[in-house]
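Let's take a walk through this one together. We'll start with a helix and then move on to a place where two chains meet.

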6 protein chains.
Amino acid sequence: MPARLLTELSAPAITAALGPDSVLVLPTGAIEQHGPHLPVATDLITAQSMAELAVQQFGDELDLWLLPPLAYTKSNEHAWSAGTFWLSASTLTAVLADVARSVAKTPARRLAFLNGHGGNSALLQVAARDIRLETGLRTFVLHPALPADHGGESAAGELGMGIHGGLDETSLMLHLRPELVDMSQADRWVPEHLDAYRHVRFGGSVSFGWSSDDFGPSGVIGDARGATAELGEERAEAMVAQLGEALAEVARFDPAAPR
Amino acid sequence: MPARLLTELSAPAITAALGPDSVLVLPTGAIEQHGPHLPVATDLITAQSMAELAVQQFGDELDLWLLPPLAYTKSNEHAWSAGTFWLSASTLTAVLADVARSVAKTPARRLAFLNGHGGNSALLQVAARDIRLETGLRTFVLHPALPADHGGESAAGELGMGIHGGLDETSLMLHLRPELVDMSQADRWVPEHLDAYRHVRFGGSVSFGWSSDDFGPSGVIGDARGATAELGEERAEAMVAQLGEALAEVARFDPAAPR
Amino acid sequence: MPARLLTELSAPAITAALGPDSVLVLPTGAIEQHGPHLPVATDLITAQSMAELAVQQFGDELDLWLLPPLAYTKSNEHAWSAGTFWLSASTLTAVLADVARSVAKTPARRLAFLNGHGGNSALLQVAARDIRLETGLRTFVLHPALPADHGGESAAGELGMGIHGGLDETSLMLHLRPELVDMSQADRWVPEHLDAYRHVRFGGSVSFGWSSDDFGPSGVIGDARGATAELGEERAEAMVAQLGEALAEVARFDPAAPR
Amino acid sequence: MPARLLTELSAPAITAALGPDSVLVLPTGAIEQHGPHLPVATDLITAQSMAELAVQQFGDELDLWLLPPLAYTKSNEHAWSAGTFWLSASTLTAVLADVARSVAKTPARRLAFLNGHGGNSALLQVAARDIRLETGLRTFVLHPALPADHGGESAAGELGMGIHGGLDETSLMLHLRPELVDMSQADRWVPEHLDAYRHVRFGGSVSFGWSSDDFGPSGVIGDARGATAELGEERAEAMVAQLGEALAEVARFDPAAPR
Amino acid sequence: MPARLLTELSAPAITAALGPDSVLVLPTGAIEQHGPHLPVATDLITAQSMAELAVQQFGDELDLWLLPPLAYTKSNEHAWSAGTFWLSASTLTAVLADVARSVAKTPARRLAFLNGHGGNSALLQVAARDIRLETGLRTFVLHPALPADHGGESAAGELGMGIHGGLDETSLMLHLRPELVDMSQADRWVPEHLDAYRHVRFGGSVSFGWSSDDFGPSGVIGDARGATAELGEERAEAMVAQLGEALAEVARFDPAAPR
Amino acid sequence: MPARLLTELSAPAITAALGPDSVLVLPTGAIEQHGPHLPVATDLITAQSMAELAVQQFGDELDLWLLPPLAYTKSNEHAWSAGTFWLSASTLTAVLADVARSVAKTPARRLAFLNGHGGNSALLQVAARDIRLETGLRTFVLHPALPADHGGESAAGELGMGIHGGLDETSLMLHLRPELVDMSQADRWVPEHLDAYRHVRFGGSVSFGWSSDDFGPSGVIGDARGATAELGEERAEAMVAQLGEALAEVARFDPAAPR
C-alpha cells in the first residue's frame with residue numbers, strides 16, 4: 001500500500017493531519033496506445049509509481065500527501081487508436097477544477113499535479129492558473145520525466161524525438177512492470193525527416209497540433225530497441241531524486257518577497 | 001495485480017482480445033466522508049475490490065474486462081465535510097460520456113458500471129441511457145451492495161436506514177482493509193424520527209434531496225458498533241456471487257425478441 | 001380552472017400567500033410516443049390531472065400550490081419516433097435549476113416534483129439533491145403511479161412489464177380523456193423473453209440503458225387490451241389518495257431530529 | 001379543449017397528419033410579476049389564448065397545429081420580484097433548440113413561435129436563425145401584440161410606454177380572465193421623465209438593458225386605470241385577425257424566387 | 001491613430017481617467033461575405049470608422065472612450081460562404097459577458113455596443129440586459145446605420161430591402177475605403193417576390209430565420225449599382241451626427257425618476 | 001494599411017486567392033495592465049505589428065495572409081487590475097474553435113497563431129491540437145518574442161525574469177509606439193527572492209499558478225529602466241527575421257515521411 005495516501009484517512013483525521021503547508025500530490029496518468037510493446041496504462045503506471053516513490057521517500061519531511069490518480073486524461077492525439085481512453089479538454093478541465101475545489105475545503109493550501117503524460121502539460125498549466133485564481137490554492141505542475149517536446153532530453157539515436165514509447169519510457173516500464181512489456185515488438189519509429197526543421201519540431205520554438213498517426217502507422221515516436229531494466233532503474237532513481245528536490249521547493253514556495 | 005485489467009494490454013492486444021460480447025467493467029467509487037471510523041476511500045475500495053473479485057472469478061467465462069476505476073464521483077451530499085472530493089453532476093456526466101465514447105472505439109459493445117456509491121446511482125442511470133443512445137453501446141448499472149435507499153436491506157437495529165457507514169459497510173471494510181477501520185470511533189447514528197415517515201424515507205416512494213449533515217453532525221447514517229470482519233466476509237462473498245449472476249445476464253442480455 | 005394555481009395570483013399576493021412550509025407542486029409530464037392508441041401527451045395529461053386533483057383535494061389543508069407543468073422533458077428513449085418532443089439531460093437539468101432558483105426567491109421552502117414519466121425519475125433525483133444543496137430548498141420527487149421499472153406494480157398478464165402504454169396507463173386515459181384513446185389500436189406488446197432475466201429487467205437489481213424500439217417496432221411495453229375507464233377511475237382514486245398521504249409527509253418532513 | 005392540439009394525437013397519427021407545409025405553433029408565455037393588479041401568468045394566458053383562438057379560426061385552412069406552450073421563459077428583467085419564474089438565456093435557448101430538433105423529426109417544416117412576452121423577442125430571433133441553420137426548418141417569430149418597445153403602439157396617456165401591465169394588457173386580461181384582475185390595485189406608473197429621450201427609449205433607435213425596478217418600485221410601466229373588458233375584446237379580435245393574416249403568410253412563405 | 005482609444009493608456013491612467021459617467025464604446029463589426037464587390041470586413045470597417053469618428057467628434061464633451069473592436073461576431077446567416085468568419089451565439093455571448101465583467105472592474109458604469117452588423121442586433125439586446133443584471137453596468141446598443149430589417153430605411157429601387165451589400169453600404173465603403181470596392185462587380189439582387197408579403201418581410205411584424213443564400217446565389221440583398229462616394233459621405237456624416245445625439249443621451253440616461 | 005490582410009478581399013476573391021498551402025496568420029494580443037509606463041494594449045500592439053511586418057516581408061514568398069487580431073484574450077493573471085480586459089479559458093477556447101471552423105471552410109489548410117502574450121501560450125497549444133483533430137487544419141503556435149517563462153531570454157539584471165513590462169518589452173514599445181510609453185514611470189521590479197528556486201521559477205521544470213500581484217503591487221516583472229528605442233528596433237528586426245524563418249517552415253511542414 002502506498003505511504004501517506006490521504007484517502008485512507010477518515011474525514012476528521014484528514015482535517016487534523018493537514019495544514020496550510022501540506023502538499024497534496026495528484027498523479028495524472030493517461031490510458032492511451034503506446035505501440036505494440038507497451039500497455040495502454042504506461043503513463044498511469046509511470047505517474048503513479050513515481051508519485052508513490054516520491055511521497056514515500058520525502059513525504060514525512062515535506063508533509064506530502066498522495067491523492068488517487070486521474071487515470072483518464074487528455075489523450076486525443078491517440079484517439080485514432082482503439083485502446084485510448086480519453087477526456088476532452090473541457091471535461092478534464094472540469095475534473096481538475098472540481099477536485100481542486102474539494103482540496104480547497106481542506107486545510108491544505110498547496111496542490112501539485114504530478115503529470116506522467118505530455119499531452120496534459122499545456123492543459124494543466126491553464127488549470128493551474130485558473131485554480132489558483134478561483135480557489136487561492138498554490139498550484140504546481142511537475143513532470144517526473146520532462147518529455148523531449150517539453151524541454152526534456154532524448155537519446156541521440158532518437159534524434160531528440162523519443163517522446164512516446166521510446167528508449168526511456170520503455171526502459172522505465174521494464175524496470176517497473178516488466179511483465180507488461182513485449183520487447184519482441186519493440187522497434188525504431190523515428191520520423192527522421194522532421195530533423196530538418198529547426199523551429200517546427202518537438203520542443204521547438206513553434207509548437208504544432210499533431211496526432212500520433214501523422215508520423216506513421218505505429219503510433220510510436222522513438223526507438224525502444226535498446227531499452228533495459230537497468231536503464232529504467234537508473235532513470236527512475238534520477239526522477240525520484242529530482243522530484244524530491246522539486247517538491248522541497250513546492251513545499252516552501254512563496255511568491256511574495258520576504259519582509 | 002488484478003486479473004484481466006484491460007489497460008495492462010497494448011492497444012493492438014486490446015483490439016485482438018475484445019469482441020462484441022465482451023463486457024467492460026468500470027468501477028465507480030467515491031471519496032467522501034464516512035464518519036470517524038472509516039476512510040474517505042471506503043466506496044472506492046469497496047467498488048474496486050468487488051469488481052476485481054468478480055472479474056477474477058467470472059472473467060474468463062463471461063469475457064469480462066476491468067477498467068481503472070473512477071475514484072472521484074458525485075458526493076455532494078457530503079460536500080459539507082473536508083475530506084470529501086467530488087465532481088459535479090455535469091462533470092461526472094461528461095467523464096462517463098467521454099470514457100464511453102472511447103469504449104465505443106473498441107470492438108466491445110457492452111459497458112457495465114459497477115457502482116459502490118449510492119449517490120451515483122441516479123446519475124449513472126441517466127448516463128446509461130444517454131450513452132446507449134449516443135454510442136449504441138449496451139449499458140448496465142450494477143451495485144455490489146444495493147443500498148437501503150435503493151431497495152437493498154439494512155439491519156433491524158438500523159431501522160432499515162444503514163446507508164452510510166453502518167453495519168454492513170463497516171463490516172465489509174473490516175474484512176477488506178481492517179487496518180483502515182477505527183472501531184473505537186464506531187457508533188450508532190440512526191435518525192430514528194425518520195421511521196415515522198412512510199413515503200418520504202430512504203428507499204420510500206418519495207425520494208428527497210438531502211445532505212448527510214441534515215440528520216446530525218456525524219455524517220453517518222447507520223449503526224457500526226456490531227460490525228465484524230466475519231460479517232464482512234460473508235457479505236463480500238454474497239456480493240461477488242450475486243455480481244456473478246448479474247454479470248452472466250449482462251453478458252448475454254438482448255432486448256430484442258429472439259427470432 | 002385548477003384550484004390553487006399559484007401563477008393566477010399577482011406577485012404581491014404570492015409573497016403574502018406563501019410561507020416556509022408551503023409546498024410548491026411542479027408537474028413534470030412528457031410528450032412522447034405512446035403507441036398507436038394513446039396521445040403523445042399521455043404523461044403530461046396524467047401528471048397534470050393527478051396534480052390538480054391532489055392539490056384540489058388536499059391543498060387547503062396542506063398549503064399546496066400548483067405550478068404550470070413542464071410539458072417537455074427527457075424522453076430520449078422514444079426519440080426514434082416522430083411525435084416525441086424532448087429535452088436533453090443537460091437542458092432539463094438547467095430548466096429545473098432555473099425554476100428552483102425562482103422558487104427560492106419566494107417565501108416557500110418546499111418544492112415537490114410530481115412526475116408522470118418514468119424516464120425523468122433518475123434525472124429528477126439528481127436535480128432534487130443538487131437543488132437542495134444550491135438553494136437550501138427541501139426537494140421531493142413524487143410519482144402518481146410508480147412505474148413497474150421503478151418499484152411499482154404491473155398486471156400479471158404483462159409479466160410485470162406494463163411500463164409504457166399498457167393496462168394501467170391506458171385505463172387511466174380512458175377515465176381522464178376517453179376521446180383521445182383509440183382502443184381499436186390497443187394491443188399486447190410484452191417482450192416475454194425478458195422474463196428470463198432475474199437481474200437485468202425493468203425494476204431489477206441491474207438497470208440498463210434502453211430505447212423503446214429495442215423491444216419491437218410498436219414502442220409499447222405492456223398490454224392495453226383489457227383497459228377500461230372503470231379500472232382507470234379506480235387507479236386515479238388510489239393515486240390521488242396516495243398522493244395525499246405522501247404530500248402530507250412532504251409538508252411536514254424534517255430530517256433533523258426533534259430537540 | 002383547444003382545437004388542433006398536436007399532442008392529443010398519437011405518434012403515428014402525427015406523422016400522418018403533418019406535411020412539409022404544416023405550421024407548428026409554439027406559444028411562449030412568461031411567469032413574471034405584472035404589478036399588484038394582474039396575475040404573474042398574464043403573458044402565458046395571453047399567448048396561449050391568442051394561439052388557441054388563431055389556430056381554432058385559421059387552423060383548418062392553413063394547416064396549423066398547436067403545441068403545448070412554454071410557460072417559463074426569459075423574464076430576468078423582473079427577477080427582482082418574488083413570483084417571477086424564469087429561465088436564463090442559455091437555458092431557454094437550449095429548450096427551443098431541443099424542441100425544434102423534435103419538430104424536425106416530424107414531416108412538418110415550419111415552426112412559428114407565438115410570443116406573448118417582450119423580454120423573449122430578441123432571444124427568439126437569435127434562436128429562429130440558429131434553428132433554421134441547424135435543422136433546416138423555416139422558423140418565424142410572431143407577436144399577438146407587438147409591445148411598444150418593439151414597434152407596437154401604446155395609448156397617448158402612457159406616452160407610448162405602456163409596455164408592462166398597462167392599458168392594453170390589463171384590458172385584454174379583463175376580457176380573457178376577469179376574475180384574475182384586481183382593478184382596485186390598478187394605477188398609473190409611467191416614467192414620464194423618459195419622454196425627454198429621443199433615442200434611448202422603449203422602441204427607440206438605442207436599445208438599453210433595463211430591469212423593471214429601474215423605473216420605480218411597482219414593476220409596472222403603463223397606465224392600467226382605464227382598462228375595460230370591452231377594449232380587451234376589441235384588442236383580442238384585432239390580434240387574432242392580424243395573426244390570421246400573418247400565419248397565412250407563414251404558411252406559404254418561400255424566400256427563393258419563383259422559377 | 002484614433003482619439004481616446006482607452007487601451008493606449010496604462011492601467012493606472014485608465015483608473016484615473018474614468019468615472020461613473022464615462023461611456024466605453026465597443027464597436028462590433030463582422031467578417032462575412034458581402035458579395036463580389038465588397039470586402040468581407042465591410043461591417044468591421046464601417047463600425048470601427050463610425051465609432052472612431054463619433055468618439056473623435058464627441059468624446060471630449062461626452063467622456064467617451066473607444067475600445068478595440070470585436071471583428072469576429074455572429075454571421076451564421078453567411079456561413080455557407082467561405083470568407084465568412086463567425087462566432088456561435090454562445091461564444092459571442094460569452095465574449096461580451098467577459099469583456100463586460102472587465103469593464104465593470106473599471107470606474108466606468110456605461111457600456112455602449114456600437115454595432116455594424118444586423119445579424120448581431122438581437123443577440124446584443126439579450127446581452128445588454130443580461131450584462132445589466134449581472135454587473136450593474138448601464139448597457140446600450142447603437143447602430144450607426146439602422147438596417148432596413150431593423151426599422152431603418154432603404155432606397156425605393158431596393159423595395160426597402162437593401163440590407164446587405166446594397167446602395168447605402170456600398171456607397172459608405174466607396175467613401176471610407178474606395179480601393180476595396182470593385183464596382184465592376186456591383187449589381188442588383190433584390191428578391192422582388194418578397195415584396196408580396198406584408199408581415200413576413202425584412203423589418204416586418206413577423207421576423208423569420210434566414211440564411212443569405214435563401215434568396216439567391218449572390219449573397220447580396222440590395223442594389224449596389226448606383227452607389228457613389230458622395231452618397232457615402234453624406235450617409236457617413238448623417239450617421240456620425242446621429243451617433244452624437246444618441247451618445248449624448250447614453251451619457252446622461254437615468255431610468256429612475258428625478259427626485 | 002497592412003499588406004495581405006485577407007479580410008480586405010471579397011468572399012469570391014478569398015476563395016480564389018487561397019490554396020491548401022496558404023498560411024492564415026491570426027495575431028493574438030492581450031489587453032492587460034503592463035505597469036504604469038506601458039499601455040494596456042502592449043501585447044496587442046506587439047503581436048499585430050510583428051505579424052504585419054512578417055507578412056509584409058515574407059507574405060508573397062510564403063503565401064501568408066493576415067487575419068484581424070484577437071485583442072481580448074486570456075489575461076486573468078492580471079485580472080486584479082482595472083484596465084485588464086480578458087476572456088475566460090472556455091470563452092477563448094470557443095473563439096479559437098469558431099474562427100478555426102471558419103478557416104476550415106476556405107481552401108487554406110494552415111492556421112498559425114502569432115501570439116504576443118505569454119498567458120495565452122498553454123491554452124493555444126491545447127487549442128492547436130484540438131483544432132487539428134476536429135477540422136484537419138495544420139495548426140501552429142508562434143511567439144514573436146518567446147517570453148522568459150517559456151524558454152526565451154531575459155537580461156542579466158532581470159535575473160532571467162523580465163517577463164512583463166521589462167527591458168525588452170519596453171524597448172520594443174519605444175520603437176513601435178514611443179508616444180505611448182512613459183519612461184518617467186519605468187522602474188525595476190524584480191522579485192529577486194525567486195532566484196533562490198531552481199525548479200519553481202519562470203521557465204523552470206515546475207510551472208506554477210500565479211497572479212501578477214503575487215510578486216508585488218506594481219504588476220511588473222522586470223526592469224524597464226534601461227529600455228531604448230534602439231534596443232527595441234534591434235529586437236524587432238531579430239523577431240521579424242526569426243518569424244520569417246519559422247513561417248517558412250510552417251508553410252512547408254509535413255509530418256508524414258516523404259515517400
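**A helix and an interface**

Start with helix α3 of chain B, keeping in mind that you're looking at a predicted model. Its buried residues are B:A89, B:T91, B:L92, B:T93, B:A94, B:V95, B:L96, B:D98, B:V99, B:A100, B:S102 and B:V103. That makes 12 of the 16 residues of α3(B) buried, so the helix is largely enclosed by the rest of the structure. Buried here means that 20 or more other C-beta atoms lie within 10 Å of the residue's own.

So what covers the buried residues of α3(B)? From chain B itself, the cover includes β1 (23–28), β3 (110–115) and α4 (121–135). Other chains pitch in too: α3 (89–104) of chain A and α4 (121–135) of chain C are also part of the cover.

You can check the length of this helix as well. At 1.5 Å a residue, the 16 residues of α3(B), 89–104, should span 22 Å, and the end C-alpha atoms are indeed 22 Å apart, so the two agree.

Now hop over to chains D and E, where 46 residues of chain D are in contact with 46 residues of chain E. On the chain D side, the elements giving two or more residues are α3 (89–104), α4 (121–135), β4 (138–142), β6 (207–208) and α6 (229–252). Of these, α4(D) gives the most, with 10 residues. Sorted by class, that side of chain D has 26 nonpolar, 12 polar and 8 charged residues.

Strands pair up between these chains, too: 2 bridges join β6(D) to β4(E), residues 138–142, and the two run antiparallel. Look for D:F208, whose bridge partner in β4(E) is E:F140.

Conventions. Residues are numbered from 1 along each chain as its sequence is written. Chains are lettered from A and ligands numbered from 1 in the order in which they are written. This is a predicted model: local features need pLDDT of at least 70, side-chain atom pairs count only at pLDDT 80 or more; totals for chains, interfaces and linings use all residues. Helices (H or I, at least four residues) and strands (E, at least two) are DSSP runs, numbered from the N terminus. The expected span of a helix is 1.5 Å times one less than its number of residues. Two residues are in contact if their C-beta atoms, placed from the backbone, lie within 7 Å. Ala, Val, Leu, Ile, Met, Phe, Trp, Tyr, Cys and Pro count as nonpolar, Asp, Glu, Lys and Arg as charged, and the others, Gly among them, as polar. Two strands pair if DSSP finds at least two bridges between them.
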